[in-house]
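Hi,

Here is the structure I promised to pass on. Have a look at it first, and then read on for my notes.

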Amino acid sequence: MGKTRLALTIAAVITLVGCGADSGDATGQAQAAQQDEVNFGLVIHGGAGTITRENMTPEREEAFKAALNAALDAGYAILEAGGESMDAVIAAIQVMEEEPLFNAGRGSVYTFDGGHELDASIMHGGLLDAGAVAGVRTVKSPIQLAREVMENSRHVMLSAEGAAEFAEERGLELVENSYFNTEHRYEQLQRALELLREEDRTGDQIAQSGTWDPAFNMGTVGAVAVDQRGNIVAGTSTGGMTAKRYNRIGDAPIIGAGTWADNASCGVSATGHGEYFIRYNVSAQVCSRVKYLGESIEEAGAHVIHNVLLPVGGTGGVIIMDAQGNFSMPFNTEGMYRGARTQREGTVIGIYQQEE
Ligand code: ASP
C-alpha cells in the first residue's frame, strides 16, 4: 500500500472512532464540519523578477495572461467538481510545465554545460506528507514525479538518475534532455556565459552586482489549492537558474524553503533567488508566523518577503493560501506572474506591482 493511502486509511479509522479532530488528517471531523464554509480555490505563480510594463510587449503580456488563465482553469475545474487539491495543483502546474514561456518543464533554463536539470516538490497540508525531486534530466513532468515520490515511495526526496529510475518504474513519461531545448533559453545561456567569462565571477556574485539579467532565471511555477474538504496542497516546479553548475539545487524541491503546506496555517509556493529562500526557510517561515504568532497570511507573507528577505538581498515572492481560501501574493521584485481563482472572489490575474 502506498504511503498516502495508508495514511488516509489510518485517518479514516481515527475519524470513525471519533477522535480525529486534531490529527491533521485528510478526512477529519473538524474539517467536515467546516465544509460549508470552505471557500475552495487556487493561487498560482509563474515566476518573479524584473517584469515592468516598459520591457513587456502587449503580445507577450497577453500570452502570459492566457497561460495563467489556462492553469487556473485546469485546477479550478477539479476543485469545483469536488476533486482533491492534490489533483488541482498537479493539473495547474502541468499546464505551466508544458508552456515554454515558463522556466519549468518544457521551457526550463539551461545549465552551464548546456543541459537541463529540473527540480520540483509537493506537500499535502492535511497529511504533512511531501515528495520532491532534484536534478532530473529526462522526466517530462517533475511535479508528477514529486507526487509519485510522496505517494508511492518510502522517501521524501529523490535526485538525478535514481529519480529517473523511479519515474520509469512508476510508468511516467520520459523524454530526451533535448526535449527541454528552446531558443530563447539558449540565447539567455549564451549571454549568461558571456557575463561569467567577462567578469570571472559566480552567477550569484554577478546577480548581486546587478549586471545579471534576472530574466535568466525567471519563470518558476507553483500552485497552492484548497479543496472542498479544506485540505491545502502546495507545489513548485522549476528548471532552476540559468548557467547553474556542479548540480546546483535550488529552493524549489526543498520542503520548507520552496514549498510548504499545513492545514493549520497555510500553503506556500516560492519563486526567486533560491539560495536565499533556502537559507531563510521562506515557505515554512511564513506558515510558522501564521501558526505561532497568529499573524494573518498577508502579514506573515509581507514580513518575510519585505522585512526578512529584502534587507539581505533576497529577491522573489511567494503565493499563500489558507484553509478558508484566503490568499496573498507578496513579492519584492518589479513583478510576479500570478493569479488566483476562488469560489468567493472569482479570478484575479496580475503581472506588475499594484494590480490587485
Ligand atoms: N527559485 C528558483 C531557483 O532558485 C528560481 C526562480 O524561482 O526564479 O532555482
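Below is what I found in it, going from the whole chain down to single residues.

Before anything else, please keep in mind that this is a predicted model.

**The chain as a whole**

You have 356 residues here, and 57% of them count as buried. The secondary structure adds up to 11 helices and 12 strands. If you take the contacts with a separation of 6 or more, 67% of them are between residues 24 or more positions apart. The accessible surface is about 14,500 Å², and carbon and sulfur atoms make up 49% of that.

**β3 and its neighbours**

A good place to start looking is β3 (129–136). Why call this strand largely enclosed by the rest of the structure? Because 8 of the 8 residues of β3 are buried.

β3 has a partner in β2 (118–124), and the two run antiparallel, joined by 6 bridges. Together they make a hairpin with 4 residues between the strands. Check Leu128 in that turn: its phi is positive, about 50°. At the hairpin, Asp129 in β3 stands opposite His124.

β3 also pairs with β4, this time in the parallel sense and over 3 bridges. One contact to look up there is Val133, whose bridge partner in β4 is Leu158.

**Helix α6, with two sides**

Next, go to α6, which spans residues 160–169. Which of its residues are buried? They are Ala163, Ala164, Phe166 and Ala167. These four sit on the same side of α6, because the arc they cover around the axis is only 160°. The other side of the helix has Glu161, Glu165, Glu168 and Glu169, which are exposed.

As for what covers the buried residues of α6, the list includes β3, α5 (142–152) and β4 (157–159). So β3, the strand with 8 of 8 residues buried, turns up again here as part of that cover. After α6 comes Gly171, with a positive phi near 80°.

**Salt bridges**

The count comes to 12 salt bridges. A few are worth pulling up on screen.

- Arg229 and Glu84: the closest N and O atoms are 4.0 Å apart. This pair links distant parts of the chain, 145 residues apart. Arg229 is in the loop between β5 (221–226) and β6 (232–238), while Glu84 is in the loop between α3 (58–80) and α4 (85–97). Arg229 is partly exposed at 32% relative accessibility, and Glu84 is partly exposed at 34%.
- Arg137 and Glu117: here the closest N and O atoms are 3.9 Å apart. Arg137 lies in the loop between β3 and α5 and Glu117 in the loop between α4 and β2, so the pair ties together parts that are 20 residues apart in sequence. Is each partner buried or partly exposed? Arg137 is partly exposed, at 34% relative accessible area, whereas Glu117 is buried, at 11%.
- Arg289 and Glu295: their side chains meet at 2.8 Å, N to O. Both of these residues are buried.
- Asp87, Arg147 and Glu151: these three are linked in a network of salt bridges.

**Around β6**

Two last items involve β6 and the loop after it.

Ile232 is in strand β6, and its relative accessible area is 0%, so this residue is buried. In space, the C-alpha atoms of Ile232 and Trp260 are 9.7 Å apart, while in sequence the two residues are 28 positions apart.

Ile249 lies in the loop between β6 and β7 (259–261). At 35% relative accessibility, Ile249 is partly exposed. Together with Val156 and Met157, Ile249 forms a nonpolar patch on the surface, and the three have about 230 Å² of accessible area together.

**If you only have a few minutes**

I'd start with β3 and the hairpin it forms with β2, then turn to α6 for its buried residues and the exposed glutamates on its other side. After that, try the Arg229 and Glu84 pair, which links distant parts of the chain.

Cheers

Key:
Residues numbered from 1 in each chain as written. Predicted model: local features only at pLDDT ≥ 70, side-chain atom pairs only at ≥ 80, totals over all residues. Heavy atoms only, no water. Buried < 20%, exposed > 50% of the residue type's maximum accessible area, 1.4 Å probe, protein only. Arc of directions from axis to C-beta. Contact = heavy atoms within 4.5 Å. Areas by Shrake-Rupley, 256 points an atom, 1.4 Å probe, with all protein chains shown as cover. Patch = residues over 30% accessible without salt bridge, like charges linked within 9 Å, V, L, I, M, F, W, Y side chains within 5 Å. Pairing = 2+ DSSP bridges.
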